2 protein chains.
Amino acid sequence: MKARVVVTLKNGVLDPQGKAIEGALKSLGVEGVESVRQGKVFDVEVTGADAAAAKAQLTAACEKLLANTVIENYQIDV
Amino acid sequence: MKARVVVTLKNGVLDPQGKAIEGALKSLGVEGVESVRQGKVFDVEVTGADAAAAKAQLTAACEKLLANTVIENYQIDV
């Protein structure tokens with residue numbers, strides 16, 4: 001089963017990488033971009049067909065490895 | 001207006017970072033993960049309320065900066 005995990009910075013956490021992208025887009029002449037925040041996405045192939053079990057495994061994966069829960073939120077779509 | 005851009009590696013492109021995550025999850029005892037591929041997500045705040053115009057700007061941003069279109073696909077959700 002395919003699942004997607006999206007990890008994003010919490011509100012209020014500074015994102016220098018996003019700021020750099022904003023600056024670069026302005027330099028490149030791309031108008032209309034007010035702010036950018038960068039995150040990570042993980043496309044995961046999970047064994048089995050039980051969505052609830054897959055979600056539980058992915059929650060464990062996020063808590064242990066994929067997200068730094070002090071500064072990041074994660075969202076799991078199974 | 002908020003928009004989300006997801007940049008992922010094309011099929012067939014090796015993803016050593018994803019492989020490392022797979023290995024780390026196994027070491028940490030997270031079962032049931034068959035494969036992982038990592039990508040990037042950009043949460044963009046766009047000026048104006050015209051979805052078509054925003055999409056055009058974000059396509060330009062992807063082509064110029066956010067994605068390496070030789071090895072990456074991008075998907076824009078406005």
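This is a short dialogue on reading a predicted model of two chains, A and B.

Biologist: Let's start with confidence. What does chain A average in pLDDT?

Modeller: A good habit is to check this before anything else. Where pLDDT is low, the predicted coordinates should not be read in detail. Here chain A averages a pLDDT of 96, and 100% of the residues score at least 70. Within chain A, the lowest confidence falls in helix 2 (residues 51-66), with a mean of 95, and the highest in strand 3 (residues 72-77), at 98. For the model as a whole, ipTM is 0.93 and pTM is 0.93.

Biologist: Thanks! Now a helix, please. Which residues of helix 1 of chain B are buried?

Modeller: The general idea comes from helix geometry. An α-helix has 3.6 residues a turn, so residues three or four places apart point the same way. In helix 1 of chain B, the buried residues are B:Gly18, B:Ile21, B:Glu22 and B:Leu25. They cover an arc of only 105 degrees around the axis, so they sit on the same side of helix 1 of chain B. On the other side of this helix, B:Pro16, B:Lys19 and B:Ser27 are exposed.

Biologist: What covers the buried residues of helix 1 of chain B?

Modeller: Both chains take part: the cover includes strand 2 (33-46) and helix 2 of chain A, along with strand 2 (33-46) of chain B.

Biologist: And how far apart are the end C-alpha atoms of helix 1 of chain B?

Modeller: They are 17 Å apart. With twelve residues (16-27) at 1.5 Å a residue, the helix should span 16 Å, so the two values agree. Just after helix 1 of chain B comes B:Gly29, with a positive phi of about 85 degrees.

Biologist: Let's turn to the interface. How many residues of chain A are in contact with chain B?

Modeller: There are 33 from chain A, touching 33 of chain B. Area is another way to look at it. The size of an interface is often given as the accessible area lost when the parts come together. For chains A and B the buried area is about 2,800 Å², with carbon and sulfur atoms giving 61% of it. On the chain A side, A:Val41, A:Glu45 and A:Leu65 lose the most area to chain B, together 16% of what that side buries.

Biologist: How many salt bridges does the rule find across the interface of chain A and chain B?

Modeller: Zero across that interface, while the whole structure has eight over all chains. One of them joins A:Asp43 and A:Arg4, whose closest N and O atoms are 2.7 Å apart. A:Asp43 belongs to strand 2 of chain A and A:Arg4 to strand 1 (residues 2-9), so this pair ties together parts 39 residues apart in sequence. Chain B has a salt bridge between B:Arg4 and B:Asp43, at 2.8 Å from N to O. That pair links strand 1 (residues 2-9) and strand 2 of chain B, again 39 residues apart.

Biologist: One last case: is A:Glu72 buried or exposed?

Modeller: The cut-off for buried is under 20% relative accessible area. A:Glu72 has 12% relative accessibility, so A:Glu72 counts as buried. Its side chain meets that of A:Lys40 in a salt bridge (3.6 Å, N to O). The two are 32 residues apart, A:Glu72 in strand 3 and A:Lys40 in strand 2 of chain A. A:Lys40 is partly exposed, at a relative accessible area of 27%. Beyond neighbours within four places in sequence, the contacts of A:Glu72 include A:Val7, A:Leu9, A:Leu66 and A:Ala67.

Note on methods: Residues numbered from 1 in each chain as written. Chains lettered and ligands numbered in written order. Predicted model: local features only at pLDDT ≥ 70, side-chain atom pairs only at ≥ 80, totals over all residues. Heavy atoms only, no water. pLDDT = per-residue confidence, 0-100. Helix = DSSP H or I, 4+ residues; strand = E, 2+ residues; numbered from the N terminus. Buried < 20%, exposed > 50% of the residue type's maximum accessible area, 1.4 Å probe, protein only. Contact = heavy atoms within 4.5 Å. Expected span 1.5 Å × (residues − 1). Arc of directions from axis to C-beta. Buried area = accessible area lost by both parts, 1.4 Å probe. Salt bridge = Lys/Arg side-chain N within 4 Å of Asp/Glu carboxyl O.
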